[in-house]
Amino acid sequence: MALDYMTLDVLRQSHPAWRLLRAQYAPFIAGFLHRVFIVPNVRVLPQADLEEMLEDELFALREQLGDEELFPGSARSYLNEWAENEKGWLRKFYPSGTDEPHFDLMPATEKALTWLEGLTERTFVGTESRLLVLFDLLRQMSEGSQTDPQVRIAELEKRRAEIDEEIARVSEGDLPLLDETALKDRFQQFLQMARELLGDFREVEQNFRALDRRVRERIALWEGGKGELLEEIMGERDAIAESDQGRSFRAFWDFLMSQTRQEEFSRMLDGVLLLDPVRELRPDARLHRVHYDWLEAGEHTQKMVAQLSEQLRRFLDDQAWLENRRIMTILRDIETHALAVRDDVPRGWFAEMEEPWASIELPLERPLYRPPHRPVIRDIELEEGEADIDTDALFSQVVVDRRELIATIRRELRERDQVTLGEVIARHPLRQGLAELVAYLHVAAEWPQRVVDDEDQQEVSWELAEGGMRRAKLPRIILMKS
């Protein structure tokens, strides 16, 4: 994109990041959002928590600057203002299953905060690690695009010779080690790329939300056949999934979901954080679980894709379509008019309502109280007798102890950082059948740190009391230490 006058003028007027930088209270807004979202790597905060933190921030600034009239608005009014379309710095939404609004940073806001963070003076600027990353990227592109087998074989043999030579030097006691400067250089590069990766997730999720919005608009304004609409929507969905961004995200998610890769990453990260040059930099304690932050961010993106698929599934439900056709017609009419005036909101009153009235019931119009009829109980002598009643139901009740299941999972996590629900069931077979499996799923749903991969299925089985086996397929549920 060319940075000419017209382009920059449009960005100055419409881009949320530029609006944030020239806002009246820009230092206050940017500082607060950076402290509560960027520094602790938090993606979503409920309104109550965020409002409380903002109230504390406002009180501290007024006390520090000695001006009680500074920042006249309330914390809730500021949050709602920052989430409006005119600002676009926060995203306000309602997660499924809760009626409390939550907030998340918009990608443009994170770009502005990253740019402001880069303005501060750095005590150490490393360049060697960046050059090595660039060189490694060029080598990967060069080798990955080479179609001549002989050239690739020659490059592999050259690399093998270098590895053999290095093995020989190490065997002789020659161990080349990185000095403190090189370690600090590479660690700073790692921190920067790790933080940028979380920002990329916000942008990817925003793109999927934009796709979901376009799909909803198309359904609301569509006047043709349903088959043509589905073909167009599915084509756009496949285009997103098969785009460069979609393929890159899918490859990243597959790499991150590998348990072997996670264990290797955790082992190497813990070892690096124990090095003296790295400890001198005083890295954030949350860096130990940065890959779990990536998992959480990726799960948000996966949920957005699942939400889009759920909408299409409901649209395909012919029975619901026939039963709610009249309601859908009214809703489409409302959505069509809403989209028509979205960018040009009418001024003044544009809707009228009849005056409301109350339903009045006088006390004398209510019926009087009527006492119920009392049953007449006769004195009858009880006689002994026999009844053919099946009492097996009294002894066939199944009660699953959830505390025992939680203790089983915690015992598995003592030796490992994470474990799948299928592995837990495989090591501790189900003794109470399907009821115990449902209890395990309920415990996993309430587990503090968990990741669910719907695309990867695991099979569990249990033995029936009357003989035989039962099997069930579950999504891959990863339980992690909290």
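Is phenylalanine 71 buried or exposed? At 6% relative accessibility, phenylalanine 71 counts as buried. The model behind these exercises is predicted.

**Exercise 1. Place phenylalanine 71 and describe its backbone.**

Step 1. Find the residue. Phenylalanine 71 lies in the loop between α4 and α5.

Step 2. Check its phi. The angle is positive, about 55 degrees, although phenylalanine 71 is not a glycine.

Step 3. Set that against the general pattern. Most residues other than glycine have a negative phi.

**Exercise 2. Find the ring partner of phenylalanine 71 and classify the pair.**

Step 1. Count the pairs. The structure holds six aromatic pairs.

Step 2. Name the partner. Phenylalanine 71 pairs with tyrosine 25, with 4.9 Å from centre to centre and 70 degrees between the planes.

Step 3. Apply the cut-off. Planes over 60 degrees apart count as edge-to-face. The pair of tyrosine 25 and phenylalanine 71 is therefore edge-to-face.

Step 4. Locate both ends. Tyrosine 25 is in the loop between α2 (16–21) and α3 (26–38), and phenylalanine 71 is in the loop between α4 and α5. They are 46 residues apart, so the pair links distant parts of the chain.

Step 5. Compare exposure. Tyrosine 25 is partly exposed, at 25% relative accessible area, whereas phenylalanine 71 is buried at 6%.

**Exercise 3. Work through a second aromatic pair, phenylalanine 28 and tyrosine 78, and place both pairs in a cluster.**

Step 1. Read the geometry. The ring centres of phenylalanine 28 and tyrosine 78 are 6.0 Å apart and the planes stand at 70 degrees, so this pair is edge-to-face.

Step 2. Locate the ends. Phenylalanine 28 is in helix α3 and tyrosine 78 in helix α5, 50 residues apart.

Step 3. Check burial. Phenylalanine 28 is buried at 6% relative accessibility. Tyrosine 78 is buried too, at 6%.

Step 4. Widen the view. One aromatic cluster is formed by Tyr25, Phe28, Phe32, Phe71, Tyr78 and Trp82.

**Exercise 4. Describe the largest nonpolar core.**

Step 1. Give its extent. The largest nonpolar core has 30 residues.

Step 2. Name the residues with the most contacts inside it. They are Phe28, Leu33, Phe37, Leu50, Leu54, Trp82 and Leu90.

Step 3. List the suppliers. At least two residues each come from α2, α3, α4, α5, β3 (102–105) and α6 (107–119).

Step 4. Find the main source. Helix α3 gives the largest share, nine residues.

Step 5. Recall the general tendency. In soluble globular proteins, nonpolar side chains tend to be buried together.

**Exercise 5. Inspect three of the salt bridges.**

Step 1. Start with the total. The structure holds 13 salt bridges.

Step 2. Take arginine 76 and glutamate 51. Their closest N and O atoms are 3.2 Å apart. Arginine 76 is in helix α5 (residues 75–82) and glutamate 51 in helix α4 (residues 47–65), 25 residues apart. Arginine 76 is partly exposed at 43% relative accessibility, but glutamate 51 is buried at 18%.

Step 3. Take arginine 476 and aspartate 456. Here the closest N and O atoms are 3.8 Å apart. Arginine 476 lies in strand β6 (residues 469–480) and aspartate 456 in strand β5 (residues 450–463), so the bridge ties together parts that are 20 residues apart in sequence. Arginine 476 is buried at 14% relative accessibility. Aspartate 456 is partly exposed at 31%.

Step 4. Take aspartate 401 and arginine 403. The closest N and O atoms are 3.7 Å apart. Aspartate 401 is partly exposed at 33% relative accessibility, and arginine 403 is exposed at 68%.

**Exercise 6. Find a charge that sits over a ring.**

Step 1. Name the residues. The charged end of arginine 91 sits over the ring of phenylalanine 93.

Step 2. Give the distance. That charged end is 4.0 Å from the ring centre.

**Exercise 7. Describe a nonpolar patch on the surface.**

Step 1. Name its members. Ile327, Ile330, Leu331 and Ile334 make a nonpolar surface patch of about 350 Å².

Step 2. Place one member. Isoleucine 327 lies in helix α16 (residues 325–340).

Step 3. Explain its exposure class. Exposed means over 50% relative accessible area and buried means under 20%. Isoleucine 327 has 45%, so this residue counts as partly exposed.

Conventions:
Residues are numbered from 1 along each chain as its sequence is written. This is a predicted model: local features need pLDDT of at least 70, side-chain atom pairs count only at pLDDT 80 or more; totals for chains, interfaces and linings use all residues. Side-chain values use heavy atoms; hydrogens and water are left out. Patches are made of residues with over 30% relative accessible area and no salt bridge: like charges are joined within 9 Å, nonpolar side chains (Val, Leu, Ile, Met, Phe, Trp, Tyr) within 5 Å. Accessible areas come from the Shrake-Rupley method with a 1.4 Å probe; for residues, only the protein chains shown count as cover. A salt bridge is a side-chain nitrogen of Lys or Arg within 4 Å of a carboxyl oxygen of Asp or Glu. Helices (H or I, at least four residues) and strands (E, at least two) are DSSP runs, numbered from the N terminus. Buried means under 20% relative accessible area, exposed over 50%, partly exposed in between (1.4 Å probe, protein chains only). Rings of Phe, Tyr and Trp (its six-membered ring) pair if their centres lie within 6.5 Å; planes under 30 degrees apart count as stacked, over 60 as edge-to-face and the rest as tilted. A charge sits over a ring if NZ of Lys or CZ of Arg is within 6 Å of the ring centre and within 35 degrees of the ring normal. A nonpolar core is a set of buried Ala, Val, Leu, Ile, Met, Phe, Trp, Tyr and Cys residues joined through side-chain atoms within 4.5 Å.
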